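Visitor: Could you take me through this structure step by step, with the reasoning behind each answer?

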Amino acid sequence: MMMSAEVAEVAAVAGLTVHHYLGVATILFGLGFAGVVSSRHLIRTLMCVELMLNAVNLVFVAINNHVNPSDLSGQVFAIFILTISAAEAAVGLAIVLALFKNTASVDVEDFSRLKW
Amino acid sequence: MHLTGYPVFFVLLLFCGLFPFLLFAISQLVQIKRPTAYKHETYESGMKPYGEARIRFDVKFYLYALLFILFDIETIFLFPWAVAYEKVGVFALVEMLIFVGILALGIVYAWRKGALRWQ
Amino acid sequence: MFESTLFWIFATVAIGAALGVVLAPSVLYSALSLIVVFFSIAAFFLLNNADFLATAQVLVYGVGLTIVMLFGIMFTGDTPLKEKAGKLGRLLIASISSVALFALIFTSVLGFNIKQFPASAQWIRELHEQGSTLAIGQLLFSKYVLPFEVASILLLGAMIGAILLSKKTFTSQEPGLTFSIQEGRLKPTLSAEWRKDVGFVDAEVATEEAPSSTEELKKECSL
């Protein structure tokens with residue numbers, strides 16, 4: 001027990017644990033969330049959504065590599081997330097452009113017709 | 001965390017990243033500066049540029065970019081199939097043909113709808 | 001040691017650029033710093049033995065997606081938004097909620113302690129020699145065939161939806177005035193209510209009072 005704790009400590013000093021990557025991914029996810037909440041520009045909101053999806057991808061890959069490297073399912077999941085985010089960006093931007101053509105605005109606050 | 005083959009790659013990346021700055025720095029150091037009013041004109045001949053640099057682009061450019069990214073994803077799926085082709089065999093070939101066929105429906109739709117016509 | 005140095009460099013770059021995405025004054029700058037985030041995440045993928053995914057990241061996110069975003073920005077003209085009151089309050093709400101979310105996720109991440117399945121040395125060596133592309137290809141065509149096919153349908157749907165949205169005729173802000181593209185030219189059309197409001201008289205309105213049958217017309221003419 002004593003021995004393994006020592007080994008873990010040495011590993012944490014010398015190399016990287018999965019927690020490093022998870023920490024960075026969490027920070028990126030939080031920043032993306034802050035951007036989605038605070039941004040008024042529609043395209044910036046979309047970009048922050050992409051940022052959050054990327055953070056999730058990073059978590060998938062890091063956990064795959066640190067927990068079970070002989071099964072690359074995590075990487076395959078990341079490829080599917082890549083696909084979904086590309087489709088989301090294409091349709092989302094098409095919606096933004098259609099809104100811009102109709103109202104000549106990209107401000108989120110201008111689109112409040114459905115607001116109660 | 002086992003970067004056996006990558007140090008060379010990262011050194012190359014670093015080199016490629018620094019090379020443009022290096023070139024500009026050398027150019028700054030070596031060049032002879034004798035500025036005159038004519039040298040500071042935007043072009044030696046031709047029109048003076050007017051208006052803003054950030055103009056609006058037409059939506060038709062956007063449609064091409066959009067189709068590009070969706071077929072980019074198709075490439076991402078084609079690549080592992082090509083590498084693993086010997087191990088996955090005919091079944092994967094059929095699956096891939098279905099995949100490409102479904103995406104081909106998309107391009108047929110774009111064609112019929114006139115999205116690819118340059119107006 | 002080399003890996004952890006790289007990790008700290010790219011972590012700093014990624015977080016700094018992500019801050020740029022959220023806080024940059026112009027949305028064009030935030031798109032450019034998004035490219036930096038994508039590339040540093042590709043570097044993280046390389047550090048995690050995911051060489052194929054790093055390539056895919058650069059190809060799809062670093063090039064394709066940012067091009068689409070930049071076209072979107074260029075199309076909307078990168079006009080600065082009207083300054084409104086409450087920017088500070090919005091930033092405050094955003095930072096409080098995101099810090100709360102961060103704390104929530106981070107505490108659960110710190111407690112992350114799942115049983116690990118270390119791979120055999122031979123597998124690791126093979127992975128290093130051939131890269132992960134082959135293994136991903138095998139997985140994609142054995143275990144994940146159905147998601148793979150469903151992905152193609154998703155892409156088809158996205159393509160059709162995006163083309164429909166961008167090729168549609170568009171309307172102006174005025175309620176009665178619509179524009180349509182006919183033979184490459186913009187053609188304005190006024191709606192019926194709009195015509196009544198403006199006092200617009202055209203052939204249709206005039207014929208409403210006109211006699212409906214030829215018999216009536218003859219009668220009117222003979223008078």
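Visitor: How far apart are the end C-alpha atoms of helix 4 of chain A?

Guide: This is a predicted model, and helix 4 of chain A covers residues 73–103, which makes 31 residues. At 1.5 Å a residue, such a helix should span 45 Å, and the distance between its end C-alpha atoms agrees with that expectation, because it comes to 44 Å.

Visitor: Which residue with a positive phi follows helix 4 of chain A?

Guide: Just after helix 4 of chain A there is a residue whose phi is positive, near 55°. That residue is A:Ala104.

Visitor: What share of the residues of chain A count as buried?

Guide: Chain A has 4 helices and 0 strands, and from the N terminus on its elements run α-α-α-α. Among its contacts between residues at least 6 apart in sequence, 51% join residues at least 24 apart. Of the 116 residues of chain A, the share that counts as buried is 51%.

Visitor: What share of the residues of chain B count as buried?

Guide: Chain B has 3 helices and 0 strands, and read along the sequence it follows the pattern α-α-α. A residue counts as buried if 20 or more other C-beta atoms lie within 10 Å of its own. Of the 119 residues of chain B, the share that meets this cut-off is 18%.

Visitor: How many charged residues are on the side of chain A that touches chain B?

Guide: In the contact between these two chains, 8 residues of chain A meet 8 residues of chain B. The side of chain A that touches chain B divides into 6 nonpolar and 2 polar residues, and the number of charged residues is none.

Visitor: Which helix of chain C gives the largest share of the side that touches chain A?

Guide: Here 74 residues of chain C are in contact with 66 residues of chain A. By class, the side of chain C that touches chain A has 56 nonpolar, 15 polar and 3 charged residues. Several elements give two or more residues to this side, including helix 1 (2–23), helix 2 (27–47) and helix 3 (51–76) of chain C. The largest share, 13 residues, comes from helix 4 of chain C.

Visitor: Are helix 4 of chain A and helix 6 of chain C roughly parallel or roughly perpendicular?

Guide: The axes of helix 4 of chain A and helix 6 of chain C come within 10 Å and cross at roughly 75°. Angles of 65 to 115 degrees count as roughly perpendicular. A:Ser73, A:Gln75 and A:Val76 in helix 4 of chain A meet C:Ile136, C:Leu139 and C:Leu140 in helix 6 of chain C, and this contact has 4 nonpolar, 2 polar and no charged residues. With that crossing angle, helix 4 of chain A and helix 6 of chain C are therefore roughly perpendicular.

Visitor: Are helix 3 of chain B and helix 7 of chain C roughly parallel or roughly antiparallel to each other?

Guide: Helix 3 (residues 85–113) of chain B and helix 7 (residues 145–167) of chain C pack with their axes 9 Å apart, at an angle of about 5°. The residues of this contact divide into 15 nonpolar, 2 polar and 4 charged; among them, B:Phe99 and B:Tyr109 lie in helix 3 of chain B, and C:Phe148 and C:Met159 lie in helix 7 of chain C. Angles under 35 degrees count as roughly parallel. The two helices are therefore roughly parallel.

Visitor: How far apart are the end C-alpha atoms of helix 7 of chain C?

Guide: Among the buried residues of helix 7 of chain C are C:Phe148, C:Leu155 and C:Met159. At 1.5 Å a residue, the 23 residues of this helix should span 33 Å, and its end C-alpha atoms agree with that, being 33 Å apart.

Visitor: Is C:Asn49 buried or exposed?

Guide: C:Asn49 sits in the loop between helix 2 and helix 3 of chain C, and it has a positive phi of about 65° although it is not a glycine. Because 24 other C-beta atoms lie within 10 Å, C:Asn49 counts as buried.

Visitor: How far apart in space are C:Glu126 and C:Ser166?

Guide: C:Glu126 lies in helix 5 of chain C and counts as partly exposed, with 14 C-beta neighbours inside 10 Å, whereas C:Ser166 is one of the buried residues of helix 7 of chain C. The two residues are 40 residues apart in sequence, and C-alpha to C-alpha their distance in space is 47 Å.

Definitions and conventions:
Residues numbered from 1 in each chain as written. Chains lettered and ligands numbered in written order. Predicted model: local features only at pLDDT ≥ 70, side-chain atom pairs only at ≥ 80, totals over all residues. Axes fitted to C-alpha atoms, helices over the stretch in contact; angles between N-to-C directions. Parallel < 35°, antiparallel > 145°, perpendicular 65-115°, else oblique. Contact = placed C-beta atoms within 7 Å. Nonpolar A, V, L, I, M, F, W, Y, C, P; charged D, E, K, R; others polar. Buried ≥ 20, exposed ≤ 12 C-beta atoms within 10 Å, placed from the backbone. Expected span 1.5 Å × (residues − 1).
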